[in-house]
Amino acid sequence: MFNFTLGSGRANADISQVFDVVVIGGGPGGLSAAMYAGRYSLKTLLIEKKVVCGGQMATISSIENYPGLDKPVSGSHLAGEMESQAVKMDVKILHGQVTSVNFADEIKELNTPKGLIRARTVIICTGAQPRMLDVPGEKEHMSKGVSYCATCDGHLYLDKTIAVVGGGNTALEETVTLSKFAKKIFLIHRREEFRADKLIRNKVKAVPKIEFLHNATVRKIDFSHESNKHILVSVKGEERTLDVDGIFIFVGIEPHSGIFGDTLKLKYGFIVTDEEMGTNVEGVFAAGDIRSKNLRQIATAVGDGAIAAFSAAKYLAD
Ligand code: NAP
C-alpha cells in the first residue's frame, strides 16, 4: 500500500494491482488522457514526478488561446481544474518519477522509487521543454518579453521590434511566422551558417524586415524598464545594444524521452506515433509534446490525450 496524493486530498491505493492504464506525466496531455480513461471506467493511475500537476502549462501566467476561455486564466488554475476533473473520474495520482520501463511483455512494468507499477496499457505524456539560453535576464522576463512560442505570443508584437535567436528549422520557420506581426526582426545566430534546410533559409532571406546577425550571441536581456527594453549582443566579438520589445528563443527543444530510447521509435528524440497515438509497441501510446509532431499547444496535447485513452480502451476491449 502506498500513499497517493489525490487532488486536494490524500488516500491510500493499492499499487500491487495491475492497472488498466498508467499515464506517465501530469501535463495537459496526461491529465486529459487520465480523465478520459477514467470515463471509460478503466482503473487508471497517473504518475507525475513533480509535487503538482500541470507540467509546462502550470508555469504560464496567462493562457489566452485555449478554446472556451472568455478571459485569460493562469496555467496553474487550468491545471487544477483538469486534475480535479480526472480525480472525479476516480483517477489515482502518484507523485514520483518513473526511472525505467519494461514494455517487453503484455503486462508493462514501470519502476519508481515507490515500487514497481504494472499496467496493461501505458500512455506516455512526459512532455518536452524549450532549451534556454541561460543568460542574465532570461528567467526573470519569461512571459514578460521572453518567449519560446510564436503561436502563443506572436500577436503581442504587432508592429513591434523583436529578436529571434537560433539557426535551426524551428527558429527560421518561426521567424517567418513572426514576420507577419513584427515590423522588424533581428535574427541572431551563433554561427555563420544556418543549420536549417535550404528551403526555409531562402524563405527567410526573402523577408526584407529581417536583419541577420551571424556569429552573434546574446549576453544579457534587460526588460526591467518598460521604456528602455534592450538586449546586449556580441556580434563578431563586438558588443551591440539592440532595442527590442521582445525576444523569441528557439535553440532546440528537449524531449523527456530518455528512458524510452531503447524500446520506442524516436525521431529527433520525440516518440513516433500513428494517428491513434499508438507507438511501435502494442499497448503503449504517447500524447502531447513528447510526440513527434509540428504543433505543441495545450489544445493539441489534450486532443492527443483523449485519442490515446480511446485507443487504450479499444486495445483492452480487443
Ligand atoms: P535544432 O535543429 O537543434 O537547432 C537549434 C539551433 O539553436 C541551432 O542553430 C543551434 O546552433 C542553436 N543553439 C543551440 N544551443 C544554443 C545556444 N545555447 N545559444 C545559441 N544558439 C544555440 O533545433 P530545432 O530547430 O528546434 O529543431 C529540432 C529538430 O526538429 C531538428 O532536427 C529539426 O530539423 C527538426 N525540425 C524540422 C522541421 C521541418 O522539417 N519542417 C521543423 C522544425 C524542426 P548551431 O547550429 O550552431 O548548433
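Let's start at the ligand in this predicted model. The shell of residues around the ligand is a mixed one, made up of six polar, four charged and four nonpolar residues. In total, 14 residues surround the ligand, and the closest of them are Asn169, Glu173, Arg190, Arg191 and Arg195.

Now look at individual atoms around the ligand. In the side chain of Arg191, an N or O atom sits 2.7 Å from an oxygen atom of the ligand. Thr170 also approaches with its side chain, where an N or O atom is 2.9 Å from a ligand oxygen. Gly167 takes part through its backbone instead: one of its N or O atoms there lies 3.0 Å from an oxygen atom of the ligand. How much of the ligand does the protein bury? On its own the ligand would expose 910 Å², and the protein buries 72% of that area.

Stepping back to the whole chain, you can follow two domains. Domain 1 is built from two stretches, 2–129 and 253–317, while domain 2 covers 132–249. The residues named above, Gly167, Asn169, Thr170, Glu173, Arg190, Arg191 and Arg195, can be found within the range of domain 2. Between the C-alpha centres of the two domains the distance is 33 Å. Five residues from domain 1 and five residues from domain 2 make the contact.

What does that interface look like? Together, domain 1 and domain 2 bury about 330 Å², with 45% of this area on carbon and sulfur atoms. On the domain 1 side, Glu64, Asn65 and Gln297 provide 60% of the area buried against domain 2, more than any other three residues. How many salt bridges link the two domains? The count is zero, and there are also zero residue pairs in polar contact across the interface when both residues have pLDDT 80 or more. As for its make-up, the side of domain 1 that touches domain 2 consists of three polar residues, one nonpolar and one charged.

How values were computed. Residues numbered from 1 in each chain as written. Predicted model: local features only at pLDDT ≥ 70, side-chain atom pairs only at ≥ 80, totals over all residues. Heavy atoms only, no water. Near = heavy atom within 4 Å. Polar contact = N/O pair within 3.5 Å; in protein donor to acceptor, adjacent residues only side chain to side chain. Areas by Shrake-Rupley, 256 points an atom, 1.4 Å probe, with all protein chains shown as cover. Nonpolar A, V, L, I, M, F, W, Y, C, P; charged D, E, K, R; others polar. Domains from an automatic or database assignment. Contact = heavy atoms within 4.5 Å. Buried area = accessible area lost by both parts, 1.4 Å probe. Salt bridge = Lys/Arg side-chain N within 4 Å of Asp/Glu carboxyl O.
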